[in-house]
Amino acid sequence: MWNYTGMDSVRLNDELAAAVACVTPRRVELLLAALQQPGSFTVSDLREVTLSDGGSLPRDVRALERGGWLRGDPPESSGRQGRTVVYTVTPLAIDLFPELARLVETAISSRPPAQDDAPDA
């Protein structure tokens, strides 16, 4: 699932780059709430646990679905028009946070010391 080139260069594959591109701080909060759900959930369920009262919640959940983080049933392509959508977390959402932590750790550990960090001569 994850493709990287070399130790000094970390590249995100297309799937990961597309998923990360749709994430905002608000959506990270929603993802964390979704990951805590025992199984499937609705927008109303997320509204309860996030104490969200704004109208942007359905839009944010749809963006996460388009980014591959969540899977909705019925799918968005089927024309939901007023039907309740039941969401589940995708494997991408489950795997991504640990993978991003690993990428950050790799990037930090492989960087050369900054000029300021060099020992005094």
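## A buried salt bridge to start from

Let's begin with R27 and D60, which form a salt bridge whose closest N and O atoms are 2.9 Å apart. R27 belongs to helix α2 and D60 to helix α4, so this pair ties together parts that lie 33 residues apart in sequence. Both R27 and D60 are buried. The model you have here is a predicted one.

The R27–D60 pair also has company: salt bridges that share partners join R26, R27 and D60 into one network. Across the whole structure, a search finds four salt bridges.

## Overall layout and confidence

Stepping back, the protein chain contains five helices and two strands, arranged along the sequence in the pattern α-α-α-α-β-β-α. Of its 121 residues, 30% are buried. The accessible surface comes to about 8,000 Å², with 53% of that belonging to carbon and sulfur atoms. Among contacts between residues at least 6 apart in sequence, 51% join residues at least 24 apart.

How confident is the predictor? Mean pLDDT for the protein chain is 82, and 88% of the residues reach 70 or more. Among the elements, strand β2 (residues 86–89) has the highest mean, 96, while helix α1 (residues 14–21) has the lowest, 80. One stretch to treat separately is residues 4–8, where the pLDDT is below 50; beyond near neighbours in sequence, this stretch has eight contacts in the model.

## Helix α4 and its surroundings

Helix α4 (residues 56–66) is a good place to look next. Its buried residues are L57, D60, V61, A63, L64 and E65. The cover over these buried residues includes α2, α3 (43–50), β1 (70–73) and β2. After α4 comes G68, with a positive phi near 90°.

Which residues does E65 touch, leaving aside its neighbours within four places in sequence? The contacts are L70, R71, G72, P75, E76, R80 and Y87. With a relative accessibility of 13%, E65 counts as buried. A polar atom of the E65 side chain lies 3.3 Å from the backbone nitrogen of G72.

## The loop between β1 and β2

E76 and R66 meet through their side chains in a salt bridge, 2.8 Å from N to O. E76 sits in the loop between β1 and β2 and R66 in helix α4, so the pair ties together parts 10 residues apart in sequence. R66 is exposed, its relative accessible area being 56%, whereas E76 counts as partly exposed at 31%.

P74 has its place in the loop between β1 and β2 as well. A cis peptide bond joins D73 and P74, with omega about 5°.

## Helix α5 and a nonpolar patch

Within helix α5 (residues 91–110), E99 and R102 are three residues apart, about one turn of the helix. An α-helix has 3.6 residues a turn, so residues three or four places apart point the same way. E99 and R102 form a salt bridge, with the closest N and O atoms 3.0 Å apart. E99 counts as buried at 11% relative accessibility, while R102 is partly exposed at 38%.

On the surface, L32, L35 and I94 make a nonpolar patch of about 250 Å². L35 is part of helix α2 (residues 25–36) and is partly exposed, with a relative accessible area of 32%.

Conventions:
Residues numbered from 1 in each chain as written. Heavy atoms only, no water. Patch = residues over 30% accessible without salt bridge, like charges linked within 9 Å, V, L, I, M, F, W, Y side chains within 5 Å. Areas by Shrake-Rupley, 256 points an atom, 1.4 Å probe, with all protein chains shown as cover. Helix = DSSP H or I, 4+ residues; strand = E, 2+ residues; numbered from the N terminus. Buried < 20%, exposed > 50% of the residue type's maximum accessible area, 1.4 Å probe, protein only. pLDDT = per-residue confidence, 0-100. Contact = heavy atoms within 4.5 Å. Polar contact = N/O pair within 3.5 Å; in protein donor to acceptor, adjacent residues only side chain to side chain.
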